[in-house]
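Please examine the structure shown below. The explanation after it is intended for a reader meeting this structure for the first time.

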Protein chains: 2
Amino acid sequence: MSATYSSASWRGVNLLLLLCAIWSTTGLLLVQAKVHYHKWDISYKFKSPDCYKKLAVTINGQTPGPTINAQQGDTIVVRVKNSLLTENVAIHWHGIRQIGTPWFDGTEGVTQCPIVAGDTFDYRFVVDRPGTYLYHAHYGMQRSAGLYGLIRVAVPQGVVEPFAYDFDRSIILNDWWHNNTYEQATGLASIPFVWVGEPRSLLINGRGKFNCSLAGPTAVCNATNPECSPYVLTVVPGKTYRLRIASITSLSALNFEIEGHNMTVVEADGHYVKPFVIKNLNIYSGETYSVLFTADRDPSRNYWLAVNVISRKPDTPTGTAVLNYYPNHPRKSPPTSPPVGPLWNDTMYRLNQSRNIRSHPDHVHPPPLTSDRMIILLNTQNKVDGYTRWALNNVSFNLPHTPYLIALKEKLRHVFDQRPAPETYDYRNYDIHSLTHNATIGTSIYRLDFNSTVDVILQNANMLEANKSETHPWHLHGHDFWVLGYGQEKFDPEVHPKEYNLVDPIMKNTVPLHQYGWTAIRFRADNPGAWAFHCHIESHFFLGMGVVFEEGVDRVGELPTSIMGCGDSKSLTRP
Amino acid sequence: MSATYSSASWRGVNLLLLLCAIWSTTGLLLVQAKVHYHKWDISYKFKSPDCYKKLAVTINGQTPGPTINAQQGDTIVVRVKNSLLTENVAIHWHGIRQIGTPWFDGTEGVTQCPIVAGDTFDYRFVVDRPGTYLYHAHYGMQRSAGLYGLIRVAVPQGVVEPFAYDFDRSIILNDWWHNNTYEQATGLASIPFVWVGEPRSLLINGRGKFNCSLAGPTAVCNATNPECSPYVLTVVPGKTYRLRIASITSLSALNFEIEGHNMTVVEADGHYVKPFVIKNLNIYSGETYSVLFTADRDPSRNYWLAVNVISRKPDTPTGTAVLNYYPNHPRKSPPTSPPVGPLWNDTMYRLNQSRNIRSHPDHVHPPPLTSDRMIILLNTQNKVDGYTRWALNNVSFNLPHTPYLIALKEKLRHVFDQRPAPETYDYRNYDIHSLTHNATIGTSIYRLDFNSTVDVILQNANMLEANKSETHPWHLHGHDFWVLGYGQEKFDPEVHPKEYNLVDPIMKNTVPLHQYGWTAIRFRADNPGAWAFHCHIESHFFLGMGVVFEEGVDRVGELPTSIMGCGDSKSLTRP
């Protein structure tokens, strides 16, 4: 029995826990599961991550927040004190399936009420799989204000991973604006639509570089602020590094490279990948990867770590960090220009890399060979009553004020539209290159038979602007799914399922839908609860690009009252 | 039986109401009391009140919000839908005593939990006195984001006021910044203290004028935006106008004048004033006045309405509106320069005007000649653990997260410090010109015997900076008080009470405490509830310049659960 503490002052918490048995692919192991206690104070602080000073939502004064380190099977307890003055918060544990704790998924409107300004809320969940995960605000557009960080889950002692390395490092990527989230959100919800523009900078571990000469006279921008000095990854020549790379961007698809070094992809979203070697890694918001690289180049100099925007026409400078070969000075600038990445609009290149990501042969979770249900989701940009929105099968999603999980469990049927959300679209006749899309606002959800197998086909289409289609990274809460295939143009249910990879598909929680293409996923509806499935671009979900799946809600245990208190759940909180 | 509606779509609301008897000074009148229904949607909108575009918290898209018009004895129902994305709200009805409805005073932390983003909340209260009042956000520093407006309560039909006029007009004054409230509040709560600076502009009925050439290149500032065209008050030559003037400034004491016209002061905070004639009206945040003026000047031209900052060294341009003599063109600029007001630092001038405000001889509410208790509050600026704060008797007030009214009524004794707040300070030995002040943060309150008479002496002192003392407008919730006297330097309880005006003191809800002076007030603790008493400067209350009075809380009826849901009141909301 053991426990770790992030704070010595947490009194009165029961530290007792039980030995538990954990199933891993290598066999049945009896291990000591720990409980990790974290105390987080969420507040606004002035921060200069890219040298430009602005307010950020911080955890214990920091953005990104602290990395949560744990071992498979451990329990994470995070006591969140909301010290924002008048603003609420909710934190999602991205990639953690929350088996048995669907109420701690942290998705405002789906699994909980927001944590009211001044309140304290305890999240408590088990990290049941090893790998690299994220956490971030999941409320309004608050994520883009800086509340995000990493979760690293190690394999149990004695368990061997299918690759070897000397050191384990991680970086988290983000894009950054100088307008605050209220300004961004108000613009999105206005007629005419006001777009904030491309990111001002790209951040690597919370550090970027804005050109201060572009800042206005009233702005505080200081290029020598240590907060925006580049992140330095120091390596020992000859050693091999596991680099965990996560992207939490609000908008941007990114390409990551380590100047002059190849990378071997070994993990994606917590699953082992059949290793493949690349120079450039495409990473979409909500994805995590582990790559291996060896510090085997000329050790007399440093190198760039670089991220560049792809899939949208870039108007953001390359984000850089320094790969520092020990014992060179960490601030020694590489003698070269930072890499500019691949062509931003090379869709085939990105599609091919997506297709290359397959399950490690020794770690295949075979998918069910058939599914019980196929949901096809046409992704469109729409005008609804003059507002710009995103929609699935012409329904633009709107979160009800009372969270779905509570409404479902407590049978508050008036909270959302009880009619089923549309299962498909007119795929025979619909032209995915057309510009006109009628849509309505909706709150309907998909109710799945418990333990059934569900296929979801994401179908991309034209935006409101001619000859423009956007990449959407889709993230599923509460599950990992098999990635059965990617295609170009229109998905044909008669044809394409025959081409699915049912042999070694990777499992993921986030997957890109490429321009004018389709992506097919399969999952088992085996986790009782209500789960969001949405585009991970912050503004897209805000404008309706998401759905909710329900399964086995009758099997969900009694909901903690801590998740209640808003809307129609206000009257449910007496103990 | 009758009712007015601000929205036709409010269904299912019981419109029935009873005839009720109202006591007025002219006798017992049987009148028809109305219920006024208002539906307010609170949201962020881009607004340019001074030509500089920024986000504002609006009511139905507007700032200032709609004026509430009613007659004495009417009931106001405001259904507030909080459509801020992630931010809560609470609205205070400033000057309305909330007799019998202390839970609808709208003071977050004192009388209610905030209205959570997405929630709807009904305020329902009686306007039991005629006069001019305000409403505004009372949560964090949200008031300065633009949520404010006027309440005008007419006398019942047949009741004659002690003055005559042809037309009744109103203006509301405000000061305005371009930094948002989160930036301001984060700066105030930082080490080192970051001050937002003097207001960028003064607004008359929500319209001001910032010099756009001072705005940065990224700012949107458009001097021709109709939102910042000056307010025009059109008058008919020869007619007499009642002008209701209210100040909701976050910081500034103001001086108001009508170029070339005298004003006769006739109302202050809903009480009739012994008329006196002035050229310049000093008005402090939270105060309201009615003045009469006659359009008796050269009718061939227009005139300025002007507001200037007083009591702080001004760094804000004069705020202007146009007094338009019909039939001149309303946009015809007056041929003169706008008045610049009196000397900003002429304390005696302001003190004398304060002393001139006495009760109308026919409308004197005689004060009790003695009081049961005297509370002396030393007003100081302090450092507490390195933070800049304001304190009373060396206690800097901190709102608990569970509102006092709920904690008191439900006997949640752990919510706040149960020890009495300090009754006085060492007035014999204390030097009010000293710079060093030790203070602590506290949550104690003053518990008053029900129906007792309480004197409060506000004693001003030096700030942390040498030779600097600031004017503080003190506002009492739930009561009107008698203004017994103002003095310079230190109040002496042995001497000064003998000089109190017990003959015709004005009753008010907001009163200035002048630099290095004292102000003595008296009130009857006859309104069961918990009531804030605080400096009405937004940043001062935010930094601890307030106290809470409790009286007769055992007589308070059952609290509506709608005010609960935060902190320890979360578990009290089941019906």
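The paragraphs that follow treat the two chains, the domains of one chain, and some local features.

This is a predicted model, in which local features need pLDDT of at least 70 and side-chain atom pairs count only at pLDDT 80 or more, while totals for chains, interfaces and linings use all residues. Residues are numbered from 1 along each chain as its sequence is written, chains are lettered from A and ligands numbered from 1 in the order in which they are written, and side-chain values use heavy atoms, with hydrogens and water left out.

The relation between the two chains comes first. Two copies of a chain are related by a rotation about an axis and a shift along it. Here, chain A is superposed on chain B by a rotation of 180° with 0.0 Å of shift along the axis, and the RMSD is 0.0 Å; the superposition is by least squares on the C-alpha atoms of residues with pLDDT of at least 70 in both copies. The two copies are thus related as by a two-fold rotation axis. Within chain A, the C-alpha nearest this axis belongs to A:Glu87, at 2.1 Å from it.

How many residues of each chain take part in the contact between chain A and chain B? There are 37 residues of chain A in contact with 37 residues of chain B, where contact means heavy atoms within 4.5 Å. Of the interface residues of chain A, 100% are also interface residues in chain B, so the copies meet through the same surface. Between them the chains bury about 3,300 Å², with 59% of it on carbon and sulfur atoms; buried area is the accessible area (1.4 Å probe) that two parts lose on being put together, summed over both.

The count of salt bridges between chain A and chain B is zero, a salt bridge being a side-chain nitrogen of Lys or Arg within 4 Å of a carboxyl oxygen of Asp or Glu. Polar contacts, by comparison, link 18 residue pairs between the chains, both residues being at pLDDT 80 or more. Such a contact is a pair of N or O atoms within 3.5 Å; within protein, one must be able to donate a hydrogen and the other to accept it, and residues adjacent in sequence count only if both atoms are side-chain atoms. On the side of chain A that touches chain B, β4 (35-47) and α1 (181-188) of chain A each supply at least two residues. The most comes from α1(A), with five residues. Helices (H or I, at least four residues) and strands (E, at least two) are DSSP runs, numbered from the N terminus.

Chain A itself is divided into domain 1 (3-154), domain 2 (167-362) and domain 3 (364-561), with bounds that come from an automatic or database domain assignment. The C-alpha centres of domain 1 and domain 2 of chain A lie 23 Å apart, and their contact takes 29 residues from domain 1 and 52 residues from domain 2. These two domains of chain A bury about 3,200 Å² between them, 58% of it on carbon and sulfur atoms.

What does the interface of domain 1 and domain 2 of chain A hold by way of salt bridges? The rule finds one salt bridge across this interface. The side chains of A:Arg152 and A:Asp168 meet in a salt bridge, at 3.3 Å from N to O. Across the interface of these domains there are also 21 residue pairs in polar contact, both residues at pLDDT 80 or more. On the side of domain 1 of chain A that touches domain 2 of chain A, two or more residues come from each of β4, β5 (54-59), β10 (131-137) and β11 (148-154) of chain A. Here β10(A) gives the most, with five residues.

Over all chains, the count comes to 39 salt bridges. One pair whose side chains meet in a salt bridge is A:Asp269 and A:Lys508, at 3.1 Å from N to O. This pair links distant parts of the chain, 239 residues apart: A:Asp269 is in the loop between β17 (263-268) and β18 (271-278) of chain A, and A:Lys508 is in strand β31 (residues 507-508) of chain A.

The backbone remains. Most residues other than glycine have a negative phi, and most peptide bonds are trans. In chain A, a cis peptide bond joins A:Ile191 and A:Pro192, with omega about -5°, and A:Pro192 lies in the loop between α1 and β13 (201-204) of chain A. In chain B, a cis peptide bond joins B:Ile191 and B:Pro192, with omega about -5°. B:Asn394, a residue other than glycine, has a positive phi near 65° and is found in the loop between β24 (387-392) and β25 (395-397) of chain B.
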